[in-house]
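I opened this entry to log what I looked up, item by item. The notes follow the order in which I went through the structure.

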Amino acid sequence: MEILGWILVVLLFVIGMAGTVYPILPGVLAIYAAFFVYGFFFSFGDFDVFFWIIQTIILVVLFIADYAVSAWGVKRFGGNRASVIGSTIGIIIGPFVIPAFGLIIGPFAGAVIGELIIGTEFKKALKAGWGSMVGLFTSVVVKVILQAIMIILFVLWLVL
C-alpha cells in the first residue's frame, strides 16, 4: 500500500507540472490532491495548519495569476476584453485542433480573431495576439515556479 501511495503522489505531481503547459490537465489541483493522497495513505499528522494555509494561498494565487497574467499580456500589447476572451478560448481549443502547436497558436489566433470580430485593424490585432503569447509564456513560468515551491514545501515538511 505504501508503494501505491507514493506512486499516486508522484503521478499527481507529474500531472500537475504537465498541467502548466497543457491546460487540459488539472495542474495545481493535481498537486494539491497529492497532499490529500499522502494524508490518506500515510498520515495527515505530518502537515500542520501552517502547511495547509501556505499551500492554499499558493493555490489561490495560482488561479488568480493564471488568468491575470495572460490578460495582462494581452492588455499590455493593446488588446481588450475581446482578445482576452479569444485568447482564453484559443488556449482551450488550440491543443485539440493543432495537437503539436495548438498551445502556442491557439491563444495567438484567439486573441487576433477576438480583436478582428470587434473591428480592430489587423496590425493592432496582431499586436494583441503577440501579447497573448507573452502572457501565456509568463503565466507558464509563474505556474512552474509556484507549483515547484508547493512540491518543495511538501518534501521539506516531510523531511524536517
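**The kink in α3**

I began with the bend in α3: it is a kink of about 30°, centred on A65. I am working from a predicted model. Next I checked the span of α3. Its 28 residues reach 39 Å from first C-alpha to last, close to the 40 Å expected at 1.5 Å a residue.

Which residues of α3 are buried? I listed F51, W52, Q55, I58, L59, L62, A65, V69, S70, A71, G73 and V74. The kink centre, A65, is therefore among the buried residues, under the 20% cut-off for relative accessible area. I then looked up the partners of this buried set and found packing against α2, α4 and α6. Just after α3, I noted a positive phi of about 95° at G78.

**α4, also kinked**

I turned to α4 and found a kink of about 35° at I91, shortly before the proline P95. The helix has 17 residues. From its first C-alpha to its last I read 23 Å, close to the 24 Å expected at 1.5 Å a residue. The buried residues here are A82, S83, V84, G86, S87, G90, I91, G94 and P95. Both I91 and P95 are on that list. I have the buried residues of α4 packing against α3, α5 and α6.

**The largest pocket**

I looked at the largest pocket next. Its volume is about 540 Å³. Which residues lie nearest its centre? They are P23, D66, Y67, I91 and K143, out of a lining of 30 residues. I met I91 earlier as the site of the α4 kink.

I then sorted the lining by element. Two or more residues each come from α2 (28-41), α3 (49-76), α4 (81-97), α5 (102-117) and α6 (122-159). The largest share is that of α3, with seven residues. By residue class, I logged 20 nonpolar, eight polar and two charged.

**Two single residues**

I picked V9 in helix α1 (residues 2-18). Is V9 buried or exposed? V9 has 1% relative accessibility, so it counts as buried. Leaving out residues up to four places away in sequence, I found V9 touching A34, V37, Y38 and F154. I also looked up V9 against I57, which is 48 residues away along the chain; their C-alpha atoms are separated by 20 Å.

My second pick was L158, in helix α6. At 27% relative accessible area, L158 is partly exposed. What does L158 touch, not counting residues up to four places away in sequence? I noted W6, Y38, D46 and F47. For L158 and D46, I read 6.4 Å from C-alpha to C-alpha, across 112 residues of sequence. Y38 turned up for V9 and again for L158.

**The whole chain**

I closed with the overall numbers. I counted six helices and zero strands, running α-α-α-α-α-α from the N terminus on. Along the principal axes, the C-alpha atoms fill a box of roughly 60 × 30 × 15 Å. Of the 160 residues, 42% are buried. I also looked at contacts with a separation of 6 or more: residues 24 or more positions apart account for 65% of them.

Technical notes: Residues are numbered from 1 along each chain as its sequence is written. This is a predicted model: local features need pLDDT of at least 70, side-chain atom pairs count only at pLDDT 80 or more; totals for chains, interfaces and linings use all residues. Side-chain values use heavy atoms; hydrogens and water are left out. On a 1 Å grid over the protein atoms alone, a cavity is a set of points where a 1.4 Å probe fits but cannot get out, and a pocket is an open set with protein on both sides within 12 Å along at least five of seven lines; lining residues have an atom within 4 Å of a point. Grid points are joined across faces, edges and corners, and a volume is the space filled by probe spheres set on the points. Helices (H or I, at least four residues) and strands (E, at least two) are DSSP runs, numbered from the N terminus. Ala, Val, Leu, Ile, Met, Phe, Trp, Tyr, Cys and Pro count as nonpolar, Asp, Glu, Lys and Arg as charged, and the others, Gly among them, as polar. The expected span of a helix is 1.5 Å times one less than its number of residues. The bend at a residue is the angle between axes fitted to the seven residues ending there and the seven starting there. Buried means under 20% relative accessible area, exposed over 50%, partly exposed in between (1.4 Å probe, protein chains only). Contact means heavy atoms within 4.5 Å.
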